[in-house]
Amino acid sequence: MPRTSFSSISADLESWFRRHARDLPWRRLRTPWTALLSEALLQQTQVARITERFPEFLRRFPTPRAMARAGEAAVLEAWRGLGYYRRARSLHAAAVCIVERHGGEVPSDPQALRALPGVGRYTAGAVASLAFGQREPIVDGNVTRVLARLSDRREPVADTAGQSWCWQQATHLVQAAKNPGVTNEALMELGATICTPRSPACGRCPLSAQCGSRKAGSQAQVPVPRAPPVQRPLVLHALVEIRAGRVALQRKSDGLWQGLLVPPCSQASPTATAAEVTRSMPGMRAGRRLAEVDFVTTHRRIRFIVRAARLPASGDFTWVPLGRLRHRAVPAAALRVIEAARQAWPGSC
DNA sequence: CAGGCGTGGTA
DNA sequence: TTACCAAGCCT
């Protein structure tokens, strides 16, 4: 792609974006902190999921200092149901860093941004360009797709070589831009609303005249999809005790759903007996089987085998009222496990 | 660097 | 119903 094309593309992107930008909550008030907050929330998550939740985050954590003071548990609680919960723990740690190392202000230097927990190349570039107007490139899933189609790239874009090519293209584009932040945001917006993975709306695309895949009619083949991840099976035995309208939960210390509240779980064979299930669970007694719940993540196919349980009074449990589950740091999978248990609970109709 | 890390929407 | 995948990062 010749240099003149990049300046023409960025100009078309910017003018299109000024007319067609969606009204998103984090665009109303654009500060460095709202940029960092929204980008952390949006990692691997669709815009529509975050638009509803962003106002609550901004209300609860209006500044890095407020988030640092609120504590990690409060951030995890606000993050309920959004997945990839390490983002929540990283964001809180980043807020602490910002308070301790940067006087409570989000840094503008890409290097300093990169040093924050949970901030990689994309997020650092996004905050630097969108919030500070710096000439930093960004590459995410949307940008990757738009760039691949513009050049009608028939080779993979997901592997190392492909991503390197994308960053190079994005760098050229932002170098040619009049307003780097606007060009970057427009590039993402185009990928999200026009240049979609399937059936892109080329008829409404401001770049259609300059698009290689449009010219070749290869939009459906570009970019080449990457091989789907293998989904490994995992069996978890969950022990649920409901007493006086409350369910016993534990804060998970590692692995899947680390830091979140879940019923006591152990990994064992699908045919394990109650005694075998509780062998590594001191003081806990497993009762009758109540239900099975299947849950799919990106890399796993999880089967929960749910048993009623008798948990020791001395255990370190958090007893959460059933009606409050959706306001606590309980992952969606655990909500489904608890709901299945409640349906099958002795005495339930 | 390949694999781990969630969830829900859409076709 | 399955398949795909979304404003990625970390180890």
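How do the residues of the surface near DNA strand C divide into nonpolar, polar and charged? In this predicted model, that surface has twelve nonpolar, twelve polar and four charged residues.

**The surfaces near the DNA strands**

DNA strand C is surrounded by 28 residues, and the closest are L42, G120, T123, D140 and G141. Four helices each supply at least two residues of this surface: helix 3 (32–42), helix 9 (121–131), helix 10 (141–150) and helix 12 (180–193). Helix 12 gives the most, with four residues.

Around DNA strand B there are 20 residues, of which G83, Y85, P331, A332 and A333 come nearest. The table sets out the classes for each strand.

| Surface | Nonpolar | Polar | Charged |
|---|---|---|---|
| Near DNA strand C | twelve residues | twelve residues | four residues |
| Near DNA strand B | eight residues | nine residues | three residues |

**Chain A as a whole**

Chain A contains 15 helices and eight strands. Its C-alpha atoms fill a box of roughly 70 × 50 × 35 Å along the principal axes. Of the 349 residues of chain A, 38% count as buried. Among contacts in chain A with a separation of 6 or more, 67% are between residues 24 or more positions apart.

The domain assignment of chain A gives domain 1 (3–216) and domain 2 (232–344), and the C-alpha centres of the two lie 36 Å apart. Their contact takes seven residues from domain 1 and eight residues from domain 2. On the domain 1 side, helix 6 (residues 72–78) gives the most, with three residues. By class, the side of domain 1 that touches domain 2 has three nonpolar, one polar and three charged residues.

**Helix 3**

Helix 3, one of the helices that supply the surface near DNA strand C, is largely enclosed by the rest of the structure, because ten of its eleven residues are buried. The buried residues are W33, T34, A35, L36, L37, S38, E39, A40, L41 and L42. L42 is also among the residues closest to DNA strand C. The cover over the buried residues of helix 3 includes helix 2 (25–28), helix 4 (47–60), helix 5 (64–70), helix 7 (86–102) and helix 9. Helix 3 is followed by Q44, which has a positive phi, near 55 degrees.

**Helices 10 and 11**

Helix 10 packs against helix 11 (residues 160–176) at an angle of about 85 degrees, and their axes are 10 Å apart. The two helices are therefore roughly perpendicular to each other. On the helix 10 side the contact involves V143, T144 and L147, which meet C166, Q169 and A170 in helix 11. The residues of this contact divide into four nonpolar, two polar and no charged.

**A192 in helix 12**

Is A192, a residue of helix 12, buried or partly exposed? A192 has 18 C-beta neighbours inside 10 Å, and a buried residue needs 20 or more, so A192 counts as partly exposed. Leaving aside neighbours within four places in sequence, A192 is in contact with V47 and N142. The C-alpha atoms of A192 and G141 are separated by 9.2 Å, although the two residues are 51 residues apart along the chain. G141 is one of the residues closest to DNA strand C.

Conventions: Residues numbered from 1 in each chain as written. Chains lettered and ligands numbered in written order. Predicted model: local features only at pLDDT ≥ 70, side-chain atom pairs only at ≥ 80, totals over all residues. Near = placed C-beta within 6 Å. Nonpolar A, V, L, I, M, F, W, Y, C, P; charged D, E, K, R; others polar. Axes fitted to C-alpha atoms, helices over the stretch in contact; angles between N-to-C directions. Parallel < 35°, antiparallel > 145°, perpendicular 65-115°, else oblique. Contact = placed C-beta atoms within 7 Å. Domains from an automatic or database assignment. Buried ≥ 20, exposed ≤ 12 C-beta atoms within 10 Å, placed from the backbone.
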